[in-house]
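Work through the following exercises with the structure open beside you, and try each task before you read its solution.

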Amino acid sequence: MTADTIIPKLLIVAWLLPLVGFAIEVFGRYWQSGRRSKAAAGLAIACIGIGFVLSASALAIGIDWSSLGEHHVAGEAAHGGAGETHSEAAHSPSGGAHLPLSGTIYTLARFGRLELSIDYYIDSLTLVMFTMVTLVALCIHVFAVGYMSDELTDDHVDHMVHLSDGRHLHRPGRFHLFFAYFSLFSFSMLGLVLAGNVFMVFVFWELVGICSYLLIGFYVERHSASTAANKAFIVNRVGDFGFLIGLMIIWSAFGTFRFGNSEPVDGGRPQPGLFQMVRGSAGQPHAGRLDREGDTVYLRDIDGRRLSEKPNGQSPATVPYWMLVALGLGIFAGCVGKSAQFPLQTWLPDAMEGPTPVSALVHSATMVAAGVY
C-alpha cells in the first residue's frame with residue numbers, strides 16, 4: 001500500500017469513529033442509570049482519541065520529508081557545493097503523498113448529469129485541519145467528563161428551573177446524551193473538513209447546526225436555553241439561504257459539485273472539478289482556467305483547453321460575471337452565519353446558555369472549521 005491509498009483510509013476511519021460512538025451512546029440504554037453512564041464518556045473519548053492518532057499518522061505520512069531540507073541544500077548549491085544533490089532532493093519520490101487526493105466513497109443518487117455522492121478531497125490543509133480538530137475536540141471531551149459529572153445521577157436537580165409549586169425541577173441525568181451529541185458534533189466537523197464536494201459541505205454544515213441546536217439547548221427546561229437554541233438555529237438558516245443560492249449557481253454554471261476530477265464518462269476524459277477549473281491540475285492558481293472576456297467567463301478543462309460545451313452538451317460553457325459575484329456572496333453569507341460575523345452575530349452571546357464545553361466546541365468547530373475552513 002502506498003501513501004496515496006493509506007491516507008484516505010486513515011482519515012475515513014477517523015471520521016466515522018465518532019458516528020459509531022454516537023450510535024452506541026444513543027441506543028445503549030443500559031447506560032442510562034446511575035454511574036454506568038460514565039462508559040458513554042469513555043467511548044466518546046476513545047473514538048475521538050483514536051481519530052486523533054489516525055489523523056496525526058496521516059499527517060506524518062503525507063509530509064514530504066525530503067522537502068524539509070530543500071532550503072538548506074539549495075543554500076549549499078548556491079555556494080557551489082551540492083547542486084546535483086539539490087536536484088535529487090527536490091524530485092525525490094520517496095517522501096509524502098501525491099496531494100491532493102480525491103475520490104468517491106459512496107454514490108447516493110444520480111439525476112441525469114447531477115450526481116450526489118459522498119466524496120473526499122485531501123490536501124495539505126485537510127491533513128493539518130483534520131489533526132487540529134481532533135486534538136481540540138479530544139481536549140474538550142476530557143474536560144467535559146469532570147464538568148458534566150453532576151449529570152451522573154438518576155435524580156438531577158436543576159436549581160435554575162422553578163416549578164409552579166415553588167420546587168426545583170427534578171429529572172434523570174443526561175450525561176450519556178451529552179456525549180452522544182458531542183460525538184455527532186465531532187463527526188459533523190470532520191465530515192466538513194474531509195468533504196470532496198460542495199453538496200457534502202452543505203450537508204455537514206447543516207448537521208453542525210443541528211448539533212449546535214441540541215447542545216446550546218441542552219438544559220431545555222430553562223427558557224433562556226431553549227430560546228438561545230432557537231435563535232442560533234434560525235439566524236444560521238438566514239446565512240444558509242445564501243449558501244443554497246450559491247449551490248444552485250455552482251451547478252448551473254459549472255455542472256459539477258466536486259472539488260476534484262470526476263471519473264471519466266463513457267471512456268472519455270475525466271470531468272474537471274471546481275478546483276481544477278480555477279487552480280489547474282497542480283492545485284496552483286491558474287488565470288487561464290477562468291478566462292474573462294467582457295461580461296462573459298469561459299471555462300477551461302484540466303488541460304487548459306476552453307470547454308466548448310457544458311457537460312450536458314447543450315450550450316456554450318460561459319458564465320456571466322455577475323453570476324460569479326452572486327456565487328461568492330452566497331457562499332460567504334453561509335460563512336457569515338456560521339462564524340457569527342456581522343450582521344448575523346447575534347446568536348453567539350446567547351449560545352453561552354449551553355454548558356461550558358459546548359461553548360468551547362462551538363468556538364473551535366463552528367467558527368473555525370465551518371466558518372473559516
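**Exercise 1.** Decide whether Y147 is buried, partly exposed or exposed, and then describe how its ring is placed against that of F143.

*Solution.* This is a predicted model, and every step below should be read with that in mind. Begin with the relative accessibility of Y147, which is 38%. Buried would require a value under 20% and exposed a value over 50%, so Y147 counts as partly exposed. F143, with a relative accessible area of 46%, is partly exposed too.

Next, find the two residues in the chain: F143 and Y147 both belong to helix α5, which covers residues 124–147, and the 4 residues that separate them make about one turn of the helix.

For the ring geometry, compare W15 and F204 beforehand, since they make one of the 16 aromatic pairs in the structure. Their ring centres are 5.7 Å apart and their planes meet at 70°, an edge-to-face arrangement. W15 is in helix α1 (residues 3–27) and F204 is in helix α7, so this pair ties together parts that lie 189 residues apart in sequence. The rings of F143 and Y147, by contrast, have centres 5.8 Å apart and planes at 35°, so their pair is tilted.

**Exercise 2.** Are W15 and F204 buried or exposed?

*Solution.* Take each residue in turn against the cut-off for buried, which is under 20%. W15 has a relative accessibility of 5%, so W15 counts as buried. F204 has a relative accessibility of 8%, so F204 is buried as well.

**Exercise 3.** Describe the surroundings of T134, going from its place in the chain to its contacts.

*Solution.* First, place the residue: T134 is part of helix α5, and it is buried, because its relative accessible area is 0%. Second, list its neighbours, leaving aside residues up to four places away in sequence: T134 touches I48, G51, F52, S55 and L190. Of these, I48 is 86 residues from T134 in sequence, although the two C-alpha atoms are 6.3 Å apart in space. Third, look for polar partners of the T134 side chain: one is the side chain of S55, in a polar contact of 3.1 Å, and the backbone oxygen of F130 lies 3.0 Å from a polar atom of the T134 side chain.

**Exercise 4.** How do strands β1 and β2 run relative to each other, and how many bridges join them?

*Solution.* Strand β1 spans residues 101–111, and it runs antiparallel to β2, with 9 bridges joining the two. Within this pairing, R110 stands opposite E115 of β2. The hairpin has 2 residues between its strands, and G112 takes a positive phi near 65° there. Finally, consider the covering of β2 (residues 114–122), where 7 of the 9 residues are buried, so that the strand is mostly covered.

**Exercise 5.** Which residue caps the N-terminal end of helix α7, and which charged residues sit over the rings of F218 and Y219?

*Solution.* Helix α7 (residues 198–216) has 19 residues and reaches 27 Å from first to last C-alpha, close to the 27 Å expected. Its N-terminal end is capped by N197, a side-chain oxygen of which lies 3.2 Å from the backbone nitrogen of F199.

Turning to the rings, note that F218 and Y219 belong to a cluster linked by ring pairs, together with F175, F178, F179 and F182. R174 lies over the face of F218, 5.2 Å from the ring centre, while the charged end of R222 sits over the ring of Y219, 4.1 Å from its centre.

Notes:
Residues numbered from 1 in each chain as written. Predicted model: local features only at pLDDT ≥ 70, side-chain atom pairs only at ≥ 80, totals over all residues. Heavy atoms only, no water. Buried < 20%, exposed > 50% of the residue type's maximum accessible area, 1.4 Å probe, protein only. Pairing = 2+ DSSP bridges. Expected span 1.5 Å × (residues − 1). Polar contact = N/O pair within 3.5 Å; in protein donor to acceptor, adjacent residues only side chain to side chain. Phe/Tyr/Trp six-rings, centres within 6.5 Å; stacked < 30°, edge-to-face > 60°. Lys NZ or Arg CZ within 6 Å of the ring centre and 35° of its normal. Contact = heavy atoms within 4.5 Å.
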